[in-house]
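Here is a short note on the charged side-chain pairs. Please read the points with the model open.

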Amino acid sequence: MSHQAKGGLQSRRTAMLCQNPRFRLYLDQRRRQAHGLALSDLPDGTHTEQDSADFIRRSCKVDSRAEIDHNEPARVMLDKIIADYQSWERQQRVTG
């Protein structure tokens, strides 16, 4: 019998983040910057909710978002992702 980790606060936090259209715009801009792409190459609105979830799982090195609640290094990475996103949001307000 396999035991699947049950999601808690961090899992819900992650789900809400992935549903946030602004977070997906952040991922669009982040990818353009990382790969030297133009807006025409990767338009805003490209990242989906699923893409966001994949990004979180890959970055946190987990197979499911629920694992983040039970994996301290993954939670620390989620905190870093959220902090980077919040910093991007603040910058958008300054330059926007």
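1. D44 and R32 form a salt bridge, with the closest N and O atoms 2.9 Å apart. D44 sits in the loop between α2 (21–35) and α3 (49–60), while R32 belongs to helix α2, so the contact ties together parts twelve residues apart in sequence. Bear in mind that this is a predicted model.

2. The two partners differ in exposure class. D44 has a relative accessible area of 46% and is partly exposed. R32 is at 12% and is buried, because the cut-off for buried is under 20%.

3. Helix α3 holds a local pair. D54 and R57 lie three residues apart there, about one turn of the helix. Their side chains meet in a salt bridge at 2.3 Å, N to O. D54 is partly exposed, at 27% relative accessible area. R57, at 18%, counts as buried.

4. Which residues are joined into one network by salt bridges that share partners? They are R13, E72, R75 and D79.

5. Within that group, R13 bridges to D79, and the closest N and O atoms are 2.8 Å apart. This pair links distant parts of the chain: R13 is in helix α1 (residues 9–19) and D79 in helix α4 (residues 72–95), 66 residues apart. R13 is partly exposed at 29% relative accessible area. D79 is also partly exposed, at 25%.

6. How many salt bridges does the model contain by this rule? The count comes to seven. The pairs described above include R32 with D44, D54 with R57 and R13 with D79.

Conventions:
Residues numbered from 1 in each chain as written. Predicted model: local features only at pLDDT ≥ 70, side-chain atom pairs only at ≥ 80, totals over all residues. Heavy atoms only, no water. Salt bridge = Lys/Arg side-chain N within 4 Å of Asp/Glu carboxyl O. Helix = DSSP H or I, 4+ residues; strand = E, 2+ residues; numbered from the N terminus. Buried < 20%, exposed > 50% of the residue type's maximum accessible area, 1.4 Å probe, protein only.
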